[in-house]
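Visitor: I am new to protein structures, and I would like to learn how to read one feature at a time. Could we go through an example together, slowly?

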Amino acid sequence: MAKRSGEGRALWYVGPGRGEIRTEPVAAPGPGELRVRALYGALSRGTERLVLAGRVPASEYERMRAPLMAGVFPFPVKYGYSIVGRVEAGPPELVDRLVFALHPHQSLFTLPADAAVPVPDRISPQRAVLAANMETALNAVWDAGPGPADRIAIVGAGVVGSLVAYLCGALAGAEVTLVDVAASRAGLAKKLGVGFALPQAAPRECDVAFHASGSAAGLAAALELAGEEASVIELSWYGTDEVKIPLGAAFHSRRLRIVSSQVGRVSPAHRARWTPHRRLAAALALLADPALDALIAPATAFGDLPQKLPSLLAPDNAMLCPLIDYA
């Protein structure tokens, strides 16, 4: 039996629209393990909205298990995958270091040392919570393979879509446009160094289009923006919802493609050389730009999450990345 090290508070999704915080024993770290005290975390407004609503399809129960998740879908389940904390015990070279972990929302926890990635000194712990989102965006860019001077549209200016736009904006000569129905997102696009357009004004004949709005209308808009024989990289996950896709009109004559992108496995373009751990470390390093702080919403106290989850994850909430403060 593992030696007890203390107690942690963990967020559990316990029913449709309901979460609760439970106190749990935390095992003392054994060889090759760390004990981490959480400082900040982040909610995934797309995935965790579906988890909170109990809308994870039964066919995806196993594939949707997050690293170190507890419980079973639909409920009760301890979910989440974005925590930055300080190492309290473990290998001497990691003690007192800030690390990022794909761990459910919990104030104190023990995990394998190789499941934590040290946060570079130049990156604040608040910005480091974006690592899981940046990993998703990085994988999507690998799936698409855009190049310099390409015309690129990203439909959906949420956290993942904005990070995809940010990465594409670094391509020399690329014409990158972040597309959203909310005109207020224009300021965000400017901070990220890319263009912005409402769907009806977005550039057509794009070399690649990404879709990250989570809506059927957004997917239709991405297909309209894609040029001849171009691909639409689908980043949205709809859970149990059925989505109407406009495959009539010019879809076939223009030989368009819809390509799924999912972070559960490294993109085939890089899979032979990259491990998930290497990809996550790279995602953390890509967060060095302070401009990315624009994606982080004001912090919510961890203890307030059960009451605030429905509003934080509501579809009509315009916030980007909800930050969790464990202090």
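Guide: What follows is a walk through several features of this model, which is a predicted one.

Visitor: Let us begin with the inside. Which residues have the most contacts inside the largest nonpolar core?

Guide: The general idea is that in soluble globular proteins, nonpolar side chains tend to be buried together. In this model the largest nonpolar core has 85 residues, and those with the most contacts inside it are Tyr-13, Tyr-79, Phe-100, Val-164, Phe-210 and Leu-292. Helix α3, residues 131-144, supplies the largest share of this core, with eight residues. Apart from that core lies another, of 18 residues, which includes Ala-153, Val-155, Ala-209 and Phe-251.

Visitor: What does Tyr-13 touch, if residues up to four places away in sequence are not counted?

Guide: Among the residues that Tyr-13 touches, on that count, are Leu-43, Val-51, Leu-52, Phe-75, Val-77, Tyr-79, Leu-309 and Leu-313, and the list also includes Arg-18 and Glu-48. Val-77 is a useful residue to follow further, and its place is in strand β5, residues 77-78. Val-77 has a relative accessible area of 0%, so this residue is buried. Leaving aside neighbours within four places in sequence, the contacts of Val-77 include Leu-11, Trp-12, Tyr-13, Val-51 and Met-69.

Visitor: How should I read a helix, and which residues of helix α8 are buried?

Guide: One way is to list the buried residues and then to ask where they sit around the axis. In helix α8, residues 305-312, the buried residues are Leu-305, Pro-306, Leu-309 and Leu-312. They lie on the same side of α8, because the arc they cover around the axis is only 115 degrees.

Visitor: How many of the residues of helix α4 are buried?

Guide: Of the 10 residues of helix α4, residues 159-168, nine are buried, so this helix is largely enclosed by the rest of the structure. Val-164, Tyr-166 and Leu-167 are among the buried ones, as are Gly-161 and Ser-162. What covers the buried residues of α4 includes the helices α3 and α5, together with the strands β10, β11, β13 and β17.

Visitor: And what do the buried residues of helix α6 pack against?

Guide: The buried residues of α6 pack against β10, β11, β13, β14 and β15. This helix spans residues 216-225, and its buried residues are Gly-218, Leu-219, Ala-221, Ala-222, Leu-223 and Leu-225.

Visitor: I have also heard of aromatic pairs. How many does a search of the whole structure find?

Guide: A pair of aromatic rings is described by the distance of the centres and the angle of the planes. Here a search of the whole structure finds five aromatic pairs. In the case of Tyr-79 and Tyr-81, the ring centres are 6.0 Å apart and the planes stand at 80 degrees, so the pair is edge-to-face. Both Tyr-79 and Tyr-81 are buried, and with Tyr-61 and Phe-73 they form one aromatic cluster.

Visitor: Now for the charges: how many salt bridges does a search of the whole structure find?

Guide: Side chains of opposite charge can pair when their charged atoms come close. A search of this whole structure finds 14 salt bridges. In one of them the side chains of Glu-88 and Arg-37 meet, at 2.5 Å from N to O. That pair links distant parts of the chain, since Glu-88 is in strand β6, Arg-37 is in strand β3, and they are 51 residues apart. Glu-88 is partly exposed, at 32% relative accessibility, and Arg-37 is partly exposed too, at 39%. Together with Arg-35, these two residues are linked in a network of salt bridges.

Visitor: Is Arg-254, which meets Glu-228 in a salt bridge, buried or exposed?

Guide: Arg-254 has a relative accessible area of 19%, and because buried means under 20%, this residue counts as buried. Glu-228, by contrast, counts as partly exposed at 48%. Their salt bridge has an N to O distance of 3.6 Å.

Visitor: Which side chain of opposite charge is nearest to Arg-185?

Guide: The nearest one is Asp-180, 4.8 Å away, and Arg-185 is buried yet has no salt bridge. Arg-185 is found in the loop between β11 and α5, and its contacts, not counting residues up to four places away in sequence, include Ala-157, Phe-196, Met-319 and Leu-320.

Technical notes. Residues numbered from 1 in each chain as written. Predicted model: local features only at pLDDT ≥ 70, side-chain atom pairs only at ≥ 80, totals over all residues. Heavy atoms only, no water. Core = buried A, V, L, I, M, F, W, Y, C linked by side-chain atoms within 4.5 Å. Buried < 20%, exposed > 50% of the residue type's maximum accessible area, 1.4 Å probe, protein only. Helix = DSSP H or I, 4+ residues; strand = E, 2+ residues; numbered from the N terminus. Contact = heavy atoms within 4.5 Å. Lys, Arg positive; Asp, Glu negative; His and termini not counted. Salt bridge = Lys/Arg side-chain N within 4 Å of Asp/Glu carboxyl O. Arc of directions from axis to C-beta. Phe/Tyr/Trp six-rings, centres within 6.5 Å; stacked < 30°, edge-to-face > 60°.
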